[in-house]
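Hi there,

Here is the structure I promised to pass on to you. Have a look at it first, and my notes follow below.

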Amino acid sequence: MCGIVGYIGSKKASPILINGLLKLEYRGYDSAGLSTIENNSICVKKNKGRVNNLYDLEGINDLCGTVGIAHTRWATHGKPSKQNSHPHLDNSKTFSVVHNGIIENYHELREFLTKKGYHFLSETDTEVIPNLIHYYFNKNINDSNNFLKAVSLACSDLKGSFAIEVISYLFPNNMIVAKKDSPLVIGVGNNENYIASDIPAILSYSKSFYLLEDGDIALLSKNDVKFYNCSLEELKKEIKNIDWNASSAEKNGYEDYMLKEIHEQPTAIRETIGACLKDNEKVCFDDFNISFKDLSKINKIYIVACGTAMHAGLACKSTFETLCKIDTTVDIASEFRYRNPIINNNTFCIFVSQSGETADTLAALKLAKQHGAKTLAITNVIGSSISREADYNLYTHAGPEIAVASTKAYTSQIVLLTLVAICFAEILNSCSEDILNDLKKELLLIPRKVSSILKNIEPIKDFADSVYKEHDMFFLGRGFDYNVAQEASLKLKEISYIHSDSYAAGELKHGPIALIEKGVTVIGIITDPSLMLKSISNLEEVITRGAKTFIVTNQDIDNSDFNMIYKIPKTNILLSSILSIVPLQLFAYFISKAKGLDVDKPRNLAKSVTVE
Ligand code: F6R
């Protein structure tokens, strides 16, 4: 994630830009920078490190320009450095661009532009954008609309996600912004316009907003905003008046961080997939390369973590075994570190942690290293202790998770673990290309499928409202659905304080069914067609004993014995957990709300567990 801000009006732009960036620092803080138009040229000030460092840059206070763009970066392509910081210029220094998102085809675009004589100063994907704009600008030099045309042609060449702002000293009274799959809003002021990645960043300047849709391009002047689609046909857009206080602003209008974070899952997943996965290509991570020689020595994989992160590991155990044909064990970090696990230099250990600071996971990582294992950290916080300790590092790009109950980190962790499993299978040649291609194709569809679930939350709320006074609930599933049952049960207990348990559905008759009596709520998860009939018959057994049932399924189940059937989209079974958990996160959320509890800060819990 990165954050972008822009201003066009009559005031000095730089203080407004820096102020906006400070509010967006949660989106990344590897480097920050801004550009303003000053006396027929573009002035760029940028550096590695936090936004506040901009105040120390020479000449920053002398900037008088009233049009400017700014950026705070979370590095994806290229290390955090001044050179890789935004804004980026084209070779002729005519256009300046800031960008949030990932350009998947930047290698091809770079090659194309290099052949046309352009050169590149940074390692970023973004630097292709200003040069591409320059290329199209020169091609259409006689066109009266050439700035807008050049930006729209450049955008149509970009694959991946982007929210961009573009300025040029040739057009000192304009700015162009465009968006696809990355957020962007325009705040309208009095003879001035503000642009940002989210509303809170500019809420102190404006209460009237245009919310851009994917494919929109906007041409701004200080007193006008015109919208176009990618064919440059003009669009009509309505202004939305936002009446938020400071706290709801931080939650982007949602009542709680947890609800906001549940809704952020399509973006978190999309950003986590980022540029690692492109159509018809092998999975490739920028900063993680492991050779066939090293990987083929591995005969055991451990995935070690705590709580929800451990459940993400459970959701991916079979994925590693199916794709890589390597025995994989998922372990609770606090158990792993004290049980003398068999670890040697043929062992590969993956440590999963949202915070990257969990004490048990860190200790387990140190132990694995001492015994010669190769270690990979999957965390959500750049520079966290776990990420610094491991041999290899990958980040989920879920953005900050504030609510104590983990939601978007869980689904992003499953996505990243699945990408690692695919990457290993491709290196080892351990799985058929057809299977891997189907999985990769499905993975790219997941963000949209999660969005479709988030559009249908009323039935979940209705069921939650009908059972929130209960004292016991049970979650049942088989295979992948059992792993989701475990995570759903944890979510419910931690924020609703209702006792709940999860069972592999086939285990029920070996004891737990004794607990089922009239009125007990049982939630069944059924996404594996090969296990569907068996799961249904286990659920029939609880109905016979008087249980109320809520079924989350992607199958066509026509059974009026169930109190409620909630349909989710179909997907590859290895990815089913990512979809089936979403309604159950919402179920826990609505129960907690119905009970009037503090959803974001449940009792006795902390977001980062840095003690044993
Ligand atoms: C549950 C939850 C916890 C964490 C666990 C590990 O919603 O958030 O179970 O998953 O404390 O934390 P991290 O992932 O930071 O290591």
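**Salt bridges and their surroundings**

D216 is buried, at 5% relative accessibility; here buried means under 20% relative accessible area, exposed over 50%, and partly exposed in between, with a 1.4 Å probe and protein chains only. Before going further, please keep in mind that this is a predicted model, in which local features need pLDDT of at least 70 and side-chain atom pairs count only at pLDDT 80 or more, while totals for chains, interfaces and linings use all residues. Residues are numbered from 1 along each chain as its sequence is written, and side-chain values use heavy atoms, with hydrogens and water left out.

Back to D216, then. Its partner is K237: the two form a salt bridge whose closest N and O atoms are 2.9 Å apart. I call a contact a salt bridge when a side-chain nitrogen of Lys or Arg is within 4 Å of a carboxyl oxygen of Asp or Glu. D216 sits in the loop between β11 (208–211) and β12 (217–221), and K237 in the loop between β14 (234–235) and β15 (240–241), so the salt bridge ties together parts that are 21 residues apart in sequence. Helices (H or I, at least four residues) and strands (E, at least two) are DSSP runs, numbered from the N terminus. K237 counts as partly exposed, at 22% relative accessibility.

In total, the structure holds 27 salt bridges. As a general reminder, side chains of opposite charge can pair when their charged atoms come close. Another of these pairs is D181 with R270, at 3.9 Å from N to O. This one links distant parts of the chain, 89 residues apart: D181 is in the loop between β8 (175–180) and β9 (185–188), whereas R270 is in helix α7 (residues 265–273). D181 is buried, with a relative accessible area of 13%, and R270 is partly exposed at 22%.

K449 and E442 also form a salt bridge, with their closest N and O atoms 3.0 Å apart. Both ends are buried: K449 has a relative accessible area of 17% and E442 one of 14%. Salt bridges with shared partners also join K180, D181 and R270 into one network.

**Around the ligand**

Which residues come nearest to the ligand? Of the 13 residues around the ligand, they are S353, Q354, S355, T358 and E494; a residue is near if one of its heavy atoms lies within 4 Å. By class, this shell has four nonpolar, seven polar and two charged residues. For that count, Ala, Val, Leu, Ile, Met, Phe, Trp, Tyr, Cys and Pro are nonpolar, Asp, Glu, Lys and Arg are charged, and the others, Gly among them, are polar. Helices α9 (307–324) and α16 (480–496) each supply at least two residues of the shell, and α9 gives the most, with three.

Oxygen atoms of the ligand come close to several polar atoms. A backbone N or O atom of Q354 lies 2.6 Å from a ligand oxygen, and a polar side-chain atom of S355 lies 2.6 Å from a ligand oxygen. For T308, a polar backbone atom is 3.1 Å from an oxygen of the ligand. Taken alone the ligand exposes 400 Å², and the protein buries 88% of that; these areas come from the Shrake-Rupley method with a 1.4 Å probe, and for residues only the protein chains shown count as cover.

**Cysteines**

How many disulfides does the structure hold? Zero, where a disulfide is a pair of cysteine sulfur atoms within 2.5 Å. For C2, the nearest cysteine sulfur is that of C276, 15 Å away. The sulfur of C431 is 8.2 Å from the closest cysteine sulfur, in C324, which is too far for a bond. C2 is buried, at 8% relative accessible area, and C431 is buried too, at 11%.

**Backbone points to check**

Most residues other than glycine have a negative phi, and most peptide bonds are trans. D181, met above in its salt bridge with R270, has a positive phi of about 65° although it is not a glycine. N252 has a positive phi of about 55°; N252 is in the loop between α5 (246–250) and α6 (257–263) and is partly exposed, at 29% relative accessibility. A cis peptide bond joins H86 and P87, with omega about 0°, and P87 is in the loop between β4 (67–73) and β5 (88–89).

Best wishes

Technical notes: Polar contact = N/O pair within 3.5 Å; in protein donor to acceptor, adjacent residues only side chain to side chain.
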